[in-house]
Amino acid sequence: MKKQISGALIALFAITVLNGCGPKWTEEEMGDFNLVHNEGGATLGYSPKSGVTLITDGGYAFKDLNQDGELDVYEDWRKSVDERAKDLASKMSVEQIAGLMLYSGHQSIPAGSGGFGAGTYNGKPFSEAGAKSSDLTDQQIKFLTEDNLRHVLITTVESPGVAAQWNNNMQALVEGLGLGIPGNTSTDPRHGTRAETEYNAGAGGDISMWPTTLGLAATFDPAVMKQFGEIASIEYRALGIATALSPQIDLSTEPRWSRFSGTMGGDPGLATDLARAYVDGFQTSSAAKEIAGGWGFESVNAMVKHWPSGGPEEGGRDAHFGYGAYAVYPGNNLSDQLKPFTEGAFKLDGPTGKATAVMPYYTISYNIDQKNGENVGNAYNKYIITDLLRGEYGYDGVVCTDWMITADTRSVHEFLGKCWGVENLSVAERHYKVIEAGGDQFGGNNEKGPVLEAYEMGVKEHGEEYMRNRFEQSAVRLLKNIIRPGLFENPYLVVAESEEIVGKPEYMKAGYEAQLKSVVMLKNKDGVLPAEKKLKVYIPQKYTPGGANWFGMVTEPSWSDAANMDVVANYFEVVDAPEKADLAICLISSPQGGSGYSLEDKEKGGNGYVPISLQYGPYTAKYARETSIAGGSPFEDFTNRTYKGKTTEAANIYDMQVVNETKAKMGDKPVIVVVNVANPFIPAEFEKSADAILVHCGVQDQAIMDLLTGSAEPSGLLPFQLPANMKTVEEQFEDVPRDMDCYTDEIGNVYDFAYGMNWSGVINDERVNTYK
């Protein structure tokens, strides 16, 4: 119902009518917030509990966010984004700007009772507190109020409705504080599939399910990537999320890197076009949802990562750990690594122009600093941020560090701080070095104290005026990313609408169709596929090796069904032994070749560095470098990180064995192999045991079954190379795309970039001609 207008407002309206400027707004109660509809202008949302009231000007309504009774420039939605951001930045205290420069650690809704991301409610764990799932934790209230933090990273949410209500609670709290700056919530990618879930076009779900970014790259279709961005951004905004910590556009020129599957492949042309499409899809609003310049209530800021590329990690070791701190450039090929940024995300086809935020990776980009010769983590390197990114490429958006780079560490192998190259500095000194390098924001940091210490360091070195201007410069960049998506006007959500939007059937359908397009058929000997429905099929169980993830969460080894057998039963008659089967389907994962570092090797007197293998069976690194390109850490007394001559094997060696054993049992009957790919692999170990091979990067079991039985036709292409052997892997250059010898199968097909098959044979279409 329409809210009744108070007597005071009626008097005001009378005056404006006499002046020829009648009221042009109405107000509506929405439960825990009010909506204000300005005729032909911005729709406002505010919480009556926050203390914020309305101001009228020219017959329009505006939120009095700082509660001073005046219409400030930043409160005036008719003004430009630049004007508003500069006005607000000038009004902010140093303490408020310091809070704006923080990006929270990972927040679960509701918070867990212990371990990573834990939180309390009135001093008690959630299970004992009697709190609602959408309530703010004690820790969240502290960093929002005491530390002035406004950028929150969320992880798991109980449901879309809970996420929406949590957003409203958070926004109501910060709206009543200081200058009324809204919260800007973000997320890492959250649209992955649950393989065992049955697709149902009418059922909807928690959120639409899509292949990984690498799977989307396998479609070789920027239109599919853009569609994903358009749908994902709508779902994000319905969850209260206005910034995506994505896309990951590192060029995956090093096939052993553990973050390979999050990339858009190893080809600069394809990755550039896909990066552009992704950001356009996420950032662009249209029609009634647009506010100005393509921005609006369906826009999500894209934080592209990781400048200048985390792809060329030496030996494939990842920089979340000190043993992977170095990115190397043996091919002197920084230019290709930059293209997805400079030619893609920074040159959009759409009206928003460029990605609004950039995250540098943890890596030390070894010997890339042409000005000072400094080998420090990218976010600390002034040449990489100020001279290259901001200077040569003219980027003036937000630069946000990766998470925990300013925290202390104590070894090369523990998951602690990631302060590579500046381990000797204090926490506050690291903050100051990031600011001096050209950065704006600190990922994973909830406390303003070190930022304020960094400010005082700057005052001591440069003077008060310099540091005040430098802080305002970052504040303006950060505020623009809150203003453009309309958060200052209306950050609130209608919970019932959020529940309807997230996982909407049409979004689920689009995601499923993308899954089908992302699967690559490598081999189809004698046209064994498509298979007839209702054949008798044997699917060997899958062995999952035990281990611990980066956060120390341990999983025990286990055996399980390799697929949802209820789904499989809709297509085939499932039997429990090969001799009863007409065909076998082996669902396996690409080799889990290790991290490249071993405490066991260290304890035996080695340097700790071991190979990362892309094959399942034992591998001895005969062709590795005698001397590593880069190395050195305060926690090591050597710089040569070579692993030449050492041996390793994949944790999931059983996946290769099960294919070969199944073929031996099946005899002349066909064996189909389906590989879930996180990294490229060496097909030689099982290819001849497979009559058909499909690879995918995260799809539902049902999509696999639809393709195997011909309900859909394979159309995906490899967005990477499958190497002939580990020799070519060792000899390729980490920074150079497509420089491996590729595997040739028994039919004579070469598993190279842009290779794939459909029912007619090897695909040679416009996509192949464009990118290969």
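Select N34 and Y46 to start: Y46, in strand 3, is the bridge partner of N34. Keep in mind that the model on screen is predicted.

**Stop 1: the sheet of strands 1, 2 and 3**

Widen the selection to residues 34-38, which make up strand 2. Four bridges tie strand 2 to strand 3, and the two run antiparallel. Now add the rest of the sheet. It is open, has three strands in the order 1-2-3, and pairs in the antiparallel sense. Color strand 1 (25-29) and strand 3 (43-46) as the edges, since each pairs on one side only. Look along the sheet: on average, neighbouring strands are turned by 20 degrees against each other, direction ignored. As background, strands of a sheet pair through backbone hydrogen bonds, either parallel or antiparallel.

**Stop 2: N38**

Stay on strand 2 and pick N38, which lies in this strand. Is N38 buried or exposed? Its relative accessibility is 5%, so N38 counts as buried; the cut-off for buried is under 20%. Next, show the backbone of A42. The backbone oxygen of A42 lies 2.9 Å from a polar atom of the N38 side chain.

**Stop 3: the second largest pocket**

Strand 2 also leads to the next site, as it supplies at least two residues to the lining of the second largest pocket. The space in this pocket is about 930 Å³. Center the view on R237, K289, I291, F297 and N490, the closest to the pocket's centre among its 40 lining residues. Which other elements each supply at least two residues of the lining? Select helix 2 (81-91), helix 6 (160-175), helix 8 (222-238), strand 11 (290-292) and helix 15 (495-501). Color the lining by class: 20 residues are nonpolar, eleven polar and nine charged.

**Stop 4: the cavities**

Switch to a cavity display. Rolling a probe the size of a water molecule over the atoms shows where empty space is left. How many cavities of 30 Å³ or more does a search of the whole structure find? The search gives six.

Go to the largest cavity, with a volume of about 120 Å³. Select S252, T253, Q721, R738 and M740, which are the closest to its centre of the 16 lining residues. This lining divides into nine nonpolar, five polar and two charged residues.

Move on to the second largest cavity, at about 90 Å³. Its lining includes R256, R317, R625 and R641, along with E314, E730 and E734. Add G315, A624, S628, T642 and Y643, which also line this cavity. By class, the lining of the second largest cavity has two nonpolar, three polar and seven charged residues.

**Stop 5: strand 26**

Finish at residues 583-589, strand 26. Seven of its seven residues are buried, so strand 26 is largely enclosed by the rest of the structure. Show the side chains. In a regular strand they alternate between the two faces of the sheet. Here L583, I585, L587 and S589 point one way, while A584, C586 and I588 point the other way, and all are buried.

Now bring in the neighbours. Strand 20 (residues 536-538) pairs with strand 26 in the parallel sense, over two bridges. Pick V537 to see it opposite L583 of strand 26. Strand 29 (residues 671-676) also pairs with strand 26 in the parallel sense, over six bridges. Which residue of strand 29 is the bridge partner of I588? Select V675 for the last pair of the tour.

Notes:
Residues are numbered from 1 along each chain as its sequence is written. This is a predicted model: local features need pLDDT of at least 70, side-chain atom pairs count only at pLDDT 80 or more; totals for chains, interfaces and linings use all residues. Side-chain values use heavy atoms; hydrogens and water are left out. Buried means under 20% relative accessible area, exposed over 50%, partly exposed in between (1.4 Å probe, protein chains only). Two strands pair if DSSP finds at least two bridges between them. Axes are lines fitted to C-alpha atoms, for helices over the stretch in contact, and angles run from 0 to 180 degrees between N-to-C directions. On a 1 Å grid over the protein atoms alone, a cavity is a set of points where a 1.4 Å probe fits but cannot get out, and a pocket is an open set with protein on both sides within 12 Å along at least five of seven lines; lining residues have an atom within 4 Å of a point. Grid points are joined across faces, edges and corners, and a volume is the space filled by probe spheres set on the points. Ala, Val, Leu, Ile, Met, Phe, Trp, Tyr, Cys and Pro count as nonpolar, Asp, Glu, Lys and Arg as charged, and the others, Gly among them, as polar. A polar contact is a pair of N or O atoms within 3.5 Å; within protein, one must be able to donate a hydrogen and the other to accept it, and residues adjacent in sequence count only if both atoms are side-chain atoms.
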